[in-house]
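Reader: I've got a model open and I'd like to learn how to read it feature by feature. Could you walk me through it?

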Amino acid sequence: MTTLKDLEINYDSPNWCPGCGDFGIWLSLKKAIVELDLNPSKVVLVSGIGCSGKLPYWVKTYGFNGLHGRPIPVAEGIRLANHELTVIVIGGDGDQYAEGGNHLLHAMRRNVNITLLVHNNQIYGLTTGQYSPTTDIGEKNKATPIPTVEPPLNPLSLAISAGATFVARGFAGDTILETNLLKEAIKHKGFAIIDSLQPCVTFNQKNTYSWFYERIINVNEKGHDPTDKMKAFALSEQWPLKKASQDDEKEQIPVGILYKEQRLSWEEGIPQIAKMPLVKQLRQEVDINSLLDELL
């Protein structure tokens with residue numbers, strides 16, 4: 001049986017800022033792996049660049065840290081080669097909703113069987129707080145002293161409309177919620193996205209733990225049916241508000257599983273791998289001569 005100790009590494013320790021929301025997400029991910037009793041040698045964490053991108057360093061599974069915004073295509077390749085592995089993508093809001101936006105759109109419509117865990121701190125934390133696609137209107141900070149005029153991207157309404165079959169929002173300050181969402185996302189057959197609210201204690205002085213505690217509402221505890229797509233979309237539109245931050249209207253931020261449906265996954269639709277992972281197939285049994293004859 002897998003334990004938290006099995007996932008510990010002994011050569012390094014996290015260098016996130018003290019109090020960073022990444023610690024809560026890190027713990028929740030390890031607890032999800034343990035509570036699902038996943039074999040660490042069958043788990044692959046894939047990340048890009050950013051504070052979130054460091055997470056695979058500190059979990060004793062297989063891991064791959066690549067280019068900014070590009071972990072999804074790597075994860076798709078891993079699933080294509082061996083769809084018996086549990087593949088989890090770790091990214092930030094800049095990493096996934098800006099640089100990686102194109103990859104995200106197509107992974108959602110394909111329904112690739114991977115879990116995407118987005119650390120959404122509403123800035124580029126590693127580069128001292130530049131605007132990200134989820135920064136609120138009117139915000140300014142050290143790296144970008146002129147208030148932004150751009151409305152924030154709504155990642156959950158985007159995910160629902162783009163065809164994602166599991167759409168949820170977590171919160172780094174609630175590890176029970178975060179762990180349960182991760183467990184459900186990993187068990188889900190198809191593309192699962194969890195947008196995790198992650199306070200950046202150094203460069204985002206607005207979206208603090210207490211700010212979120214005052215606003216988050218667990219929709220599943222309120223009786224929300226996640227198979228109701230129209231209701232899920234309406235919930236996703238509740239936040240972020242596309243208005244100036246100086247307005248006094250108090251936001252309500254839905255968390256939990258907003259939307260879930262069952263649909264044929266990408267791997268199930270590819271006949272060459274539907275019955276057996278590519279890595280287990282014998283190359284001797286593949287004959288491409290007839291194809292070459294046709295093409296040449």
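Reader: Let's begin with helix 5: what covers its buried residues?

Author: Two terms come up here. Helices (H or I, at least four residues) and strands (E, at least two) are DSSP runs, numbered from the N terminus, and buried means under 20% relative accessible area, exposed over 50%, partly exposed in between (1.4 Å probe, protein chains only). The cover over the buried residues of helix 5 includes helix 3 (93-99), helix 4 (101-110), helix 8 (229-236), strand 7, strand 8 and strand 10. Contact, by the way, means heavy atoms within 4.5 Å. Helix 5 spans residues 155-162, and 6 of its 8 residues are buried: Pro155, Leu156, Ser157, Ala159, Ile160 and Ala162.

Reader: Before we go on, what kind of model is this, and what's the fine print?

Author: It's a predicted model, where local features need pLDDT of at least 70 and side-chain atom pairs count only at pLDDT 80 or more, while totals for chains, interfaces and linings use all residues. Residues are numbered from 1 along each chain as its sequence is written, and side-chain values use heavy atoms, with hydrogens and water left out.

Reader: Okay, how do I read the overall build?

Author: Start with the element count: the protein has 10 helices and 10 strands. Then check the radius of gyration, taken over C-alpha atoms, against the globule rule, which is 2.2 Å times the number of residues to the power 0.38. For 296 residues a compact globule would come out near 19 Å, and the protein's 20 Å agrees with that. Its C-alpha atoms fill a box of roughly 70 × 45 × 40 Å along the principal axes, and 52% of the 296 residues count as buried. Among contacts with a separation of 6 or more, 72% are between residues 24 or more positions apart.

Reader: How do I read the nonpolar cores?

Author: In soluble globular proteins, nonpolar side chains tend to be buried together. A nonpolar core here is a set of buried Ala, Val, Leu, Ile, Met, Phe, Trp, Tyr and Cys residues joined through side-chain atoms within 4.5 Å. The largest one has 37 residues, and Leu29 and Leu55 have the most contacts inside it. Helix 1 (22-35) gives the most to this core, with 6 residues. A second, separate core has 29 residues, including Ile72, Val87, Ala162 and Val219.

Reader: Which residues does leucine 55 contact?

Author: Setting aside neighbours within four places in sequence, leucine 55 is in contact with Trp16, Trp26, Leu29, Leu45, Ile90 and His119.

Reader: And what about odd backbone angles?

Author: Most residues other than glycine have a negative phi, and most peptide bonds are trans. Asparagine 111 has a positive phi, near 60 degrees. It sits in the loop between helix 4 and strand 4 (115-120), and counts as buried because its relative accessibility is 0%. Threonine 128 also has a positive phi, near 65 degrees, and lies in the loop between strand 5 (123-124) and strand 6 (130-131). With 30% relative accessibility, threonine 128 counts as partly exposed.

Reader: Where is the cis peptide bond?

Author: From tryptophan 239 to proline 240, with omega near 5 degrees. Proline 240 belongs to the loop between helix 8 and strand 10.

Reader: Last one: is leucine 38 buried or exposed?

Author: Buried, because its relative accessibility is 15%. Leucine 38 is in the loop between helix 1 and strand 1 and, not counting residues up to four places away in sequence, touches Thr2, Ile33, Val43, Thr86 and Ile186.
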